[in-house]
Amino acid sequence: MAGLIVGIAVTVAVAATGGSSEPAGVRAQPDAAGAYVADWRRSQLGTWKVVMRWQRTAGGSQLHDEIRVAQRPPDRLSVAAGAVDARQGDRRLSCAAGEDGRLRCRDAGAAVPYDQEVAAGEAVLRGQVVGSARLYEVTAPLPHCYELRLRVRYPAPPYGQRARFCFDGVTGAPTLREIDRVEGRDRQEALSVSAQVDDADLAPPPGIAG
């Protein structure tokens, strides 16, 4: 996960299948896509930390792990499955396992200015959910919760056939990320959310060289 990071790939719709009807029981919202983009941007600019339970279901099998993310823009640290994604100020960290199997981090050079990074991600997301060439139809079943349904034929769509995203109403932190793909489902659900982030929350885990 980068930048959140919600990982976002630049995509262009190539074959619209036409509009889709709103699922039964979903609360009508005049601009659910615009609200989703606004909540996504708020999540990128907020200060928060979250612990999430990750689960992947595919072919009758399940994998489980825990994801820890702390953010105090422009600083960010994400730790999951022994992998680290980190930014400290205007620098990025690159982390990899050494010969002894332990992760070690090194300076990976200058990072894109944070406001530019967020603006670029927002532009891509807006292209995916807003306008006549959008990939996804967005509805809002609950406040700060959104459902995305693929409305075009597209190879390897970034959020699968259907996705659900929720954000904490106070901090803006992500509380649910669920993506349904043909091959299976990925689900991240928050176990804890806090607006208190200190230097220790943003430091690489003990035993990792900074």
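1. Let's start where two helices touch. A33, Y36, V37, W40, R41, Q44 and L45 in α1 meet Y114, V118, G121, E122, L125, R126 and V129 in α2, where contact means heavy atoms within 4.5 Å. By class, this contact of α1 with α2 has 9 nonpolar, 2 polar and 3 charged residues. For the classes, Ala, Val, Leu, Ile, Met, Phe, Trp, Tyr, Cys and Pro count as nonpolar, Asp, Glu, Lys and Arg as charged, and the others, Gly among them, as polar.

2. Before going on, a word on what you are looking at. This is a predicted model, in which local features need pLDDT of at least 70 and side-chain atom pairs count only at pLDDT 80 or more, while totals for chains, interfaces and linings use all residues. Residues are numbered from 1 along each chain as its sequence is written, and side-chain values use heavy atoms, with hydrogens and water left out.

3. How do the axes of α1 and α2 cross? Helix α1 covers residues 32–45 and helix α2 residues 114–129; their axes come within 10 Å and cross at roughly 160°. Axes here are lines fitted to C-alpha atoms, for helices over the stretch in contact, and angles run from 0 to 180 degrees between N-to-C directions. The two helices are therefore roughly antiparallel to each other, a label for angles over 145 degrees (under 35 is roughly parallel, 65 to 115 roughly perpendicular, the rest oblique). The crossing of α1 past α2 is right-handed, meaning that the near helix is turned clockwise from the far one by less than a right angle (anticlockwise would be left-handed).

4. Now zoom out to the whole chain. You should find 3 helices and 11 strands, taken as DSSP runs numbered from the N terminus (helices are H or I, at least four residues; strands are E, at least two). From the N terminus on, the order is α-β-β-β-β-β-β-α-β-β-β-β-β-α. Of the 210 residues, 40% count as buried, that is, under 20% relative accessible area (exposed is over 50%, partly exposed in between; 1.4 Å probe, protein chains only). Among contacts between residues at least 6 apart in sequence, 52% join residues at least 24 apart.

5. Next, the aromatic rings. A search of the whole structure finds 6 aromatic pairs; rings of Phe, Tyr and Trp (its six-membered ring) pair if their centres lie within 6.5 Å, and planes under 30 degrees apart count as stacked, over 60 as edge-to-face and the rest as tilted. One of them is the tilted pair of Y36 and F167, 6.3 Å centre to centre with 40° between the planes. It links distant parts of the chain, with Y36 in helix α1 and F167 in strand β9 (residues 162–167), 131 residues apart. Both Y36 and F167 are buried.

6. Y136 and Y159 make another tilted pair, at 5.7 Å centre to centre and 55° between the planes. Y136 is in strand β7 (residues 136–142) and Y159 in the loop between β8 (145–150) and β9, 23 residues apart. Both Y136 and Y159 are buried. Y36, Y136, Y146, Y159, F165 and F167 form one aromatic cluster.

7. Finally, some backbone oddities. The peptide bond from P73 to P74 is cis, with omega near 5°, and P74 lies in the loop between β2 (61–72) and β3 (75–80). H144, in the loop between β7 and β8, has a positive phi of about 65° although it is not a glycine. A156, in the loop between β8 and β9, also has a positive phi, near 50°. Are these two residues buried or exposed? H144 counts as partly exposed because its relative accessibility is 30%, while A156 is exposed, with a relative accessible area of 72%.
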